[in-house]
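Please look over the sequence and the model below with an eye to charged side chains and the surface. The notes that follow take up a few local features in turn.

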Amino acid sequence: MNIDIIRQDIRGLSDGKIFLNNAGSSLMPRQVVDTMMDYLKQEEQFGGYEVANKNAELLESFYDETAKMINCKSSNIAFATSATDAYTKALSSIIFKEGDVIITTIDDYISNQITFISLQKKLKLKIIRTKNLSDHELDLEDLEELIKKYTPKLVAVTHIPTNSGLIQDVEGVGKICKKYGILYLVDACQSVGQLFVDVEKIGCDFLTATGRKFMRGPRGTGFLYVSDRILEQNYAPLLLDMRGANWTEYDNYELFKTAKRFEHWEVSYASLLGFTEALKYANTIGIHAIEHYNKGLSEKLRENLRDSGFQIWDQGNRLSSIITFCGPDGDLENIQKVLKENNIFFSVTYKNSALIDFTNKNINGIVRLSPHYFNTVEEIEKVSEILNNSLR
């Protein structure tokens with residue numbers, strides 16, 4: 001990794017900002033934006049159909065780059081317009097009946113929790129959340145007991161919650177789900193791109209992610225991983241179109257073999273190609289190198305903030321490149337003011353986005369900083385010093 005070259009590829013850093021909101025929406029490399037602009041200019045001149053046909057082979061490289069990122073085959077990948085788009089398509093492929101059980105965690109993403117509650121209200125499903133241990137890790141024994149008791153239709157886990165640096169043990173969950181033959185869905189929205197995610201080791205049936213966060217792609221992009229097992233059992237989204245099946249008879253169709261059956265025919269190919277460029281950029285650097293570098297940055301920032309007297313709310317044995325904190329007295333307002341005045345980009349999460357977790361922690365919100373591999377140690381030290389001085 002050459003940080004100087006990486007930073008030169010980011011036009012968004014030219015105004016002196018310190019960008020630490022990669023868990024929200026990261027800064028794209030110039031190659032991503034240039035690729036999208038070039039494609040749109042081609043569409044301007046020749047129309048979308050002609051340009052898509054001309055670039056067919058290049059557009060297919062999206063599936064190869066994504067597969068390389070998470071260790072699977074290109075046939076297991078579907079393009080999505082967001083992680084939520086991918087997540088709901090995966091859920092819609094499961095035929096739920098009244099009384100079916102979904103097991104999830106107290107740390108699952110807000111949109112997932114709302115989706116589960118919606119299914120509970122509309123289809124009369126039962127939603128059960130597994131316990132956490134005293135060290136804030138998932139209680140895998142409790143999970144296994146719940147599986148034996150309820151025989152759930154689905155187990156769903158968020159790899160890294162948006163409101164915490166916790167990395168949940170998705171591999172441990174995968175082993176239990178495999179043991180009992182339970183469908184397993186992983187939300188990897190905050191993990192793919194910042195650390196190595198291996199779907200073979202996780203053992204999931206579905207995995208979802210967005211392009212705009214740590215993969216540094218454009219908004220309106222994401223992907224869905226679908227395992228061979230699921231494809232072979234003819235799972236498909238509830239509402240298919242001609243991207244997913246071949247119309248073979250007046251009242252019948254035949255599903256296509258790959259995960260593309262989870263796509264819709266109409267997508268923004270400029271966005272897909274930009275996302276491909278972002279994936280290629282990260283794959284060229286190497287996800288293991290990115291993970292190692294990010295770990296050093298996040299540990300240093302977390303340590304500095306703790307030493308200055310801030311309350312750190314990342315709890316667990318393995319923590320990610322998401323640092324959540326507040327002032328010694330729970331203050332958020334002064335921290336936000338200081339960060340904005342110094343052109344430091346961040347985000348804030350309030351209790352309604354992490355209702356169970358923040359209720360258990362007895363807090364109303366946190367400030368979230370999320371460094372990535374284009375940030376420098378000098379930036380981390382500068383932000384730490386600025387925040388330290390704000391407490392004096």
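With which residue does D357 form a salt bridge? In this predicted model, the partner of D357 is K361, and the closest N and O atoms of the pair are 3.1 Å apart.

## A buried pair in helix 14

D357 and K361 both belong to helix 14, which covers residues 355–361, and they are separated by 4 residues, about one turn of the helix. D357 has a relative accessible area of 8% and K361 one of 11%, and because buried means under 20%, D357 counts as buried and K361 likewise counts as buried.

Side chains of opposite charge can pair when their charged atoms come close. By the rule used here, the count for the model comes to 18 salt bridges, and two further examples are described next.

## Pairs in helices 5 and 7

In helix 5, D85 forms a salt bridge with K89, with the closest N and O atoms 3.5 Å apart, and these two residues lie 4 residues apart, about one turn of the helix. D85 is buried, at 16% relative accessibility, and K89 is buried as well, with a relative accessible area of 11%.

In helix 7 (residues 140–150), K148 and E145 are 3 residues apart, again about one turn of the helix, and their side chains meet in a salt bridge at 3.1 Å, N to O. Here K148 is partly exposed, with a relative accessible area of 47%, and E145 is also partly exposed, at 47% relative accessibility.

## A negative patch on the surface

E303, D307, E378, E381 and E385 gather on the surface in a patch of negative charge. The elements that contribute two or more residues to this patch are helix 12 (287–308) and helix 15 (377–390), and helix 15 gives the most, with 3 residues.

E385 is placed in helix 15. Its relative accessibility is 51%, so E385 counts as exposed, the cut-off for that class being over 50%.

## An exposed isoleucine in a loop

I95 lies in the loop that runs between helix 5 (83–92) and strand 3 (101–105), and at 60% relative accessibility I95 counts as exposed. When its neighbours within four places in sequence are left aside, I95 is in contact with D100 and K153.

I95 can also be placed relative to P237: the two residues are 142 residues apart in sequence, while their C-alpha atoms are 9.9 Å apart in space.

Notes
Residues numbered from 1 in each chain as written. Predicted model: local features only at pLDDT ≥ 70, side-chain atom pairs only at ≥ 80, totals over all residues. Heavy atoms only, no water. Patch = residues over 30% accessible without salt bridge, like charges linked within 9 Å, V, L, I, M, F, W, Y side chains within 5 Å. Areas by Shrake-Rupley, 256 points an atom, 1.4 Å probe, with all protein chains shown as cover. Salt bridge = Lys/Arg side-chain N within 4 Å of Asp/Glu carboxyl O. Lys, Arg positive; Asp, Glu negative; His and termini not counted. Charge placed at Lys NZ, Arg CZ, Asp CG, Glu CD. Buried < 20%, exposed > 50% of the residue type's maximum accessible area, 1.4 Å probe, protein only. Contact = heavy atoms within 4.5 Å.
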